[in-house]
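Me: I have just opened this one and would like to be walked through it slowly. Could you look at it with me?

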Amino acid sequence: MNKKALKTLEYEKIISQLTEYAGSAPGKLLCKNLVPSSDLNEIRQAQAETSDAVTRVRMKGNLSLSGVRDIRDSLKRLEIGSALSIPELLSISSLLTVCARARAYGRHDVSEEFPDDSLDEMFRELEPLTPENNEIKRCILSEDEVADDASPGLHRVRRSMSTINDRIHTQLNSVLNSCRTYLQDAVITMRDGRYCLPVKAEYKGQVNGMVHDQSATGSTLFIEPMAVIQLNNELRTLEIQEQKEIEAVLATLSERLVPYTEVLAINLQLLTHLDFVFAKAALSRHYKGSEPIFNTEGRIHIKDGRHPLLDPQKAVPITIWLGQDFDLLIVTGPNTGGKTVSLKTVGLFTLMGQAGLHIPAFDGSELAVFDEVFADIGDEQSIEQSLSTFSAHMTSIVDILGKADSHSLCLFDELGAGTDPTEGAALAIAVLNFLHNMKCRTMATTHYSELKVYALSTPGVENACCEFDVQTLRPTYRLLIGVPGKSNAFAIASRLGLPDYIIEDAKSHIETEDETFEDVISRLEESRVTIEKEREEIQSYKAEIASLKSRLEQKEERFDERKDKMIRSANEEAQRILRQAKETADRTIKNINKLAASSGVDTRALEAERTKIRENLKKVDSKLSLKQESKPHKAINPKTLRLGDSVRVLSMNLKGTISSLPDAQGNLFVQMGILRSKVNLNDLELIQENSISAPGLDTRRKGSGSSSIKMSKSSTVSMEINLLGKTVDEAIPELDKYLDDAYIAHLPQVRVVHGKGTGALRAGIHRHLKKLKYVKEFHLGGFGEGDAGVTIVVFK
């Protein structure tokens with residue numbers, strides 16, 4: 001890519017932000033040297049690495065590579081047999097530590113459903129060299145300190161040095177105590193690496209020893225007493241031996257690394273590249289970017305793209321397409337409307353995408369691979385080169401026309417500006433026509449009406465405009481493709497206070513054709529705004545209808561599930577009772593037969609009676625069956641129905657009581673035990689059932705219909721259940737059945753009494769409540785509700 005386009009489109013600012021996300025110096029250098037590629041395979045590989053790094057960061061968190069050091073010079077020293085210094089060995093250790101951390105980060109757990117990606121091979125090739133790294137860490141504690149046990153010789157020397165130091169301090173303390181009056185301060189100091197005492201100058205003859213230094217005023221002399229001179233000499237000898245032992249340790253560590261110079265070089269290369277890739281991932285997350293789809297057919301389709309250098313809170317997303325139905329896009333509209341930003345967005349996205357960076361646009365955005373991107377944007381006049389604005393632009397355009405081909409993207413801002421409008425428009429049309437014939441993908445901004453007409457009349461050329469609100473004098477920054485724009489100069493001038501008579505005079509100087517064309521554009525814009533508002537309203541209605549339909553379907557599905565569950569449960573219970581009745585009857589008849597045999601009773605009569613009982617049981621069994629029997633029933637007159645009347649629901653073969661009067665379609669609600677369902681009159685038949693007086697009613701009014709209540713099972717569902725004294729295994733099944741009954745009976749909430757005790761029952765009940773989908777929430781009772789001994793359960 002040419003450097004002028006990279007600078008014009010501010011690609012360098014993106015690279016500067018990318019460099020800040022790299023954690024190591026080699027990684028930062030790799031980011032700094034990143035340039036767009038024109039090889040499709042390289043681009044797709046780079047994009048895949050960025051996407052995979054984003055996925056890993058989202059699932060596993062960030063990978064820190066800040067400890068990577070450039071050890072290439074150290075590796076060359078190892079290859080020629082030189083021993084490394086302490087800082088060099090620590091740099092290698094830091095690299096290996098990061099290598100081990102990255103290797104662990106790249107490893108997949110068995111439980112993870114994480115397919116291999118483009119980064120797995122790099123993570124697998126890393127070699128942490130753990131034994132060598134551990135040895136370096138054991139021997140070298142810091143840049144200034146080698147461990148005592150790095151080698152036996154170093155351990156022995158330092159132990160001797162410690163002994164000598166103790167003897168020196170003992171001797172000096174003895175001298176210090178005996179000559180305290182001669183000393184400036186009662187301290188032990190060092191001069192030239194030897195232990196001394198600060199002696200007053202007038203008493204230098206009283207302390208026998210060697211003078212090493214004096215103070216700036218000359219009042220203090222630093223004297224090494226004769227008693228410690230020999231000990232200091234021995235200490236200096238040991239220090240020389242210590243240095244030799246340290247050098248031997250460094251040489252040994254260096255020799256251990258010699259066989260792994262190639263491995264270390266590969267580790268450095270891989271970690272640098274990983275640092276670069278994860279920096280791209282961090283930039284993508286910062287921009288909320290996505291991976292673009294690339295093609296070689298010159299198609300561009302950016303969906304809701306935001307220029308990365310604009311404030312993300314204020315940037316208005318734009319949608320641009322080019323290269324499918326047209327390869328030349330002419331953007332018009334007022335100044336500060338966003339034309340140049342749209343132009344730069346297309347160019348910068350192309351450069352970022354071809355560099356392997358994600359773009360801040362919606363998923364599925366498409367970019368083309370171009371060999372070159374040319375941009376003529378901004379005022380390029382130069383006093384030094386004696387170039388006016390027009391001359392500078394034409395120089396740039398001439399250079400572009402000489403290099404552009406069908407694999408180029410050309411971007412022009414205010415094409416033909418800076419000279420006579422008529423000649424400038426003619427030149428602009430000629431330049432664009434040439435590029436159009438060359439099949440270049442071109443995007444240009446302009447104010448010339450001639451270019452709008454050219455776009456309307458030329459196949460493969462399309463108009464676009466940046467929307468502008470004349471009422472508020474503010475641009476909306478929305479790009480509208482297929483609609484030519486207006487400069488809105490008269491409207492803006494009027495809103496800013498220019499007198500109407502001046503504006504009318506200006507309009508009189510516009511040619512009739514131009515005025516008619518601008519009026520057509522205005523009418524088109526008004527129609528477009530109206531249609532777009534109506535479309536948004538329709539989309540809103542559609543979304544609301546879809547939401548309501550989805551919620552209704554979900555409610556119906558849940559209701560059907562509950563109804564089926566209740567019918568199935570009732571049928572199973574009835575079958576169980578029936579089996580018990582059969583077993584009882586069989587046992588009874590068997591006993592009768594035994595008695596009859598022993599007493600001489602007619603067995604044939606008893607057998608006939610037994611057969612009769614079995615037939616009656618079979619009839620009961622058929623009635624309890626879930627299969628619906630189609631039999632004629634007497635039609636019900638809706639006017640005669642009263643609340644509480646007993647009926648049978650034929651489709652369910654269940655008894656119930658009427659809880660609402662029928663509507664115009666004959667639909668009403670029937671309470672069948674704990675199930676309340678909406679059914680039609682045609683599915684009901686009246687049954688005669690004894691009425692039970694409600695407690696507390698005056699028995700003298702027993703004959704009246706209002707004094708009796710038809711009892712149903714739903715009236716037996718209590719607002720609380722008592723589980724005191726039960727184990728968790730005993731309480732859970734009982735709680736389950738109670739909650740099902742309470743939920744279907746439409747109780748808003750219930751109380752579960754479990755007591756305080758050890759808390760095991762309460763914990764078990766709470767664990768079970770968390771698994772129930774129809775429980776909205778639950779909490780311990782408050783003051784006056786039972787405190788911690790009661791749990792309040794609220795249903796959805």
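Reply: Below we go through the chain as a whole, then one helix, one sheet and a few single residues.

Me: What sort of model is it, and how many helices and strands are there in the chain?

Reply: What you have in front of you is a predicted model, and its chain holds 21 helices and 27 strands. Of the 796 residues in the chain, buried ones make up 41%.

Me: And what share of the contacts join residues at least 24 apart?

Reply: If we take the contacts between residues at least 6 apart in sequence, 66% of them join residues at least 24 apart.

Me: Let's take helix 4. What span should its 21 residues have, and what do the end C-alpha atoms show?

Reply: Helix 4 covers residues 40-60, and at 1.5 Å a residue it should span 30 Å; the C-alpha atoms at its ends are 30 Å apart, so the expectation and the model agree.

Me: What happens at the start of the helix, and what follows it?

Reply: At the start of helix 4, a side-chain oxygen of D39 comes to within 2.9 Å of the backbone nitrogen of N41. Helix 4 is followed by G61, which has a positive phi, near 90°.

Me: Which residues of helix 4 are buried, and what covers them?

Reply: The buried residues of helix 4 include L40, I43, A46, A53, V54 and V57, and also polar or charged ones in the list such as Q47, E49, D52 and R56. Their cover includes helix 6 (86-106), helix 7 (120-125), helix 11 (261-287), strand 7 (293-295) and helix 12 (339-354).

Me: Stay with helix 11 for a moment. At what angle does it pack against helix 4?

Reply: The angle between helix 4 and helix 11 is about 75°, and their axes are 8 Å apart. The two helices are therefore roughly perpendicular to each other. On the helix 4 side the residues that meet helix 11 include A46, T50, A53 and V57, while those on the helix 11 side include H273, V277, F278 and A281.

Me: New topic, the sheet with strand 4 in it. In what order do the four strands come?

Reply: The four strands form an open sheet in the order 3-4-6-5, with antiparallel pairing. Strand 3 (189-191) and strand 5 (209-214) are at the edges and have a single partner strand each, so one side of each has no neighbour in the sheet. Neighbouring strands here are turned by 50° against each other on average, with direction ignored.

Me: How many bridges join strand 4 to strand 6?

Reply: Four bridges join strand 4 (residues 194-200) to strand 6 (residues 220-225), and the two run antiparallel. Within that pairing, L197 is opposite I223 of strand 6.

Me: Which helices lie on those strands?

Reply: Helix 9 (residues 152-178) lies across strand 4 and strand 6, at about 10° to strand 4. Helix 10 (residues 226-257) also packs on the sheet, where it touches strand 4, strand 5 and strand 6, and its direction makes about 75° with that of strand 6.

Me: Is I164 buried or exposed, and what does it touch?

Reply: I164, which is found in helix 9, is buried, with a relative accessible area of 7%. Leaving aside residues up to four places away in sequence, I164 touches L231, E234, L235 and L238. The C-alpha atoms of I164 and N232 are separated by 8.1 Å, although these residues are 68 residues apart along the chain.

Me: On to strand 10. How many of its residues are buried, and which strand does it pair with?

Reply: Five of the five residues of strand 10 (residues 328-332) are buried. That takes in both faces, with L328, I330 and T332 on one side and L329 and V331 on the other. Strand 10 pairs in the parallel sense with strand 14 (residues 441-445) over four bridges, and the bridge partner of L329 in strand 14 is M443.

Me: One last thing, about D192 and E414. What is phi for each of them?

Reply: D192 has a positive phi near 60° although it is a residue other than glycine, and E414, also not a glycine, has a positive phi of about 55°. D192 lies in the loop between strand 3 and strand 4 and is exposed, with a relative accessible area of 61%. E414 sits in the loop between strand 13 (408-412) and helix 14 (421-437) and is partly exposed, at 23%.

Terms used: Residues numbered from 1 in each chain as written. Predicted model: local features only at pLDDT ≥ 70, side-chain atom pairs only at ≥ 80, totals over all residues. Heavy atoms only, no water. Expected span 1.5 Å × (residues − 1). Buried < 20%, exposed > 50% of the residue type's maximum accessible area, 1.4 Å probe, protein only. Contact = heavy atoms within 4.5 Å. Polar contact = N/O pair within 3.5 Å; in protein donor to acceptor, adjacent residues only side chain to side chain. Pairing = 2+ DSSP bridges. Axes fitted to C-alpha atoms, helices over the stretch in contact; angles between N-to-C directions. Parallel < 35°, antiparallel > 145°, perpendicular 65-115°, else oblique.
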